[in-house]
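Welcome, and please load the model in your viewer. We will go from the outside inwards, one selection at a time.

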Amino acid sequence: MESFQIIESTAVVFGILSVWYAYKENIWVFPFGIINVLIYIYICISAQLYANAGINAVYFITNVYGWYNWSRTDENEESIQISRNTNKQNLLWFLLAIVLYGLIVWILRVANQHDPVYLNSILPWIDALNTSFFLCATLLMTVKKIENWWYWIAGNIISIPVYFSQGLYLTSLQYAVFLVIAIMGLRAWNNTWEVRKKIKLK
């Protein structure tokens with residue numbers, strides 16, 4: 001149990017560092033994020049939160065892609081900039097979240113029926129809900145869309161009681177910190193976008 005708490009504490013530290021650097025629009029969000037998600041794949045499997053284990057596997061892929069996408073430059077030597085979705089894009093992302101939710105719930109229910117011992121997700125409906133939000137958030141993060149923060153905020157609000165109910169108190173606290181930083185990130189990225197917009201209009 002003590003060794004598990006050390007593992008969880010390590011994941012929490014790297015997770016908070018990752019979100020903090022995302023708030024700062026700093027590329028270090030990705031290497032710290034990679035370490036965090038690899039640890040959480042193990043933690044979530046141990047806690048029987050399989051959808052969240054799956055989302056962390058996806059996080060690993062999106063962190064690798066985000067690291068590449070944020071570090072590359074165009075022909076003018078400019079890196080990717082913060083931007084906003086159009087109303088149509090926001091609608092499509094919301095619909096994607098709904099589709100993902102239905103798909104993940106179905107996968108978990110089928111898994112429970114076929115292998116109730118090894119694939120018994122404790123809270124499949126809630127597990128799938130925050131997973132769908134986080135999946136949209138991490139994809140939007142890789143392309144620096146402001147809307148990623150709204151999905152992080154929604155997922156964090158759901159995750160706090162989920163992890164607390166499973167006795168992962170440090171992880172629950174981590175998501176509470178994530179929630180605060182996500183709100184800060186939303187405001188900071190909005191301000192950055194507004195400033196750059198004004199500069200372009202001059």
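Accessible areas here come from the Shrake-Rupley method with a 1.4 Å probe; for residues, only the protein chains shown count as cover. Show the surface of the chain: about 10900 Å² is exposed, and carbon and sulfur atoms supply 67% of that area.

This is a predicted model: local features need pLDDT of at least 70, side-chain atom pairs count only at pLDDT 80 or more, and totals for chains, interfaces and linings use all residues. Residues are numbered from 1 along each chain as its sequence is written, and side-chain values use heavy atoms, with hydrogens and water left out.

Switch to cartoon next. You will find seven helices and zero strands (DSSP runs: H or I of at least four residues for helices, E of at least two for strands, numbered from the N terminus).

Now select the buried residues (under 20% relative accessible area, 1.4 Å probe, protein chains only); they make up 45% of the 202 residues.

Among them is the largest nonpolar core (buried Ala, Val, Leu, Ile, Met, Phe, Trp, Tyr and Cys joined through side-chain atoms within 4.5 Å), with 46 residues. Pick Ile43, Met141, Trp149, Tyr151, Trp152 and Trp189, which touch the most other members. Helices H1 (2–23), H2 (29–46), H3 (50–71), H4 (87–114), H5 (124–142), H6 (148–165) and H7 (169–201) each give two or more residues to this core. Colour H7 to see the largest share, eight residues.

Centre on Trp189. Leaving aside neighbours within four places in sequence, its contacts (heavy atoms within 4.5 Å) include Ala22, Tyr23, Trp70, Met141 and Trp149.

Last stop: a separate core of five residues, including Tyr50, Ile104, Val105 and Ala128.

How values were computed:
Buried means under 20% relative accessible area, exposed over 50%, partly exposed in between (1.4 Å probe, protein chains only).
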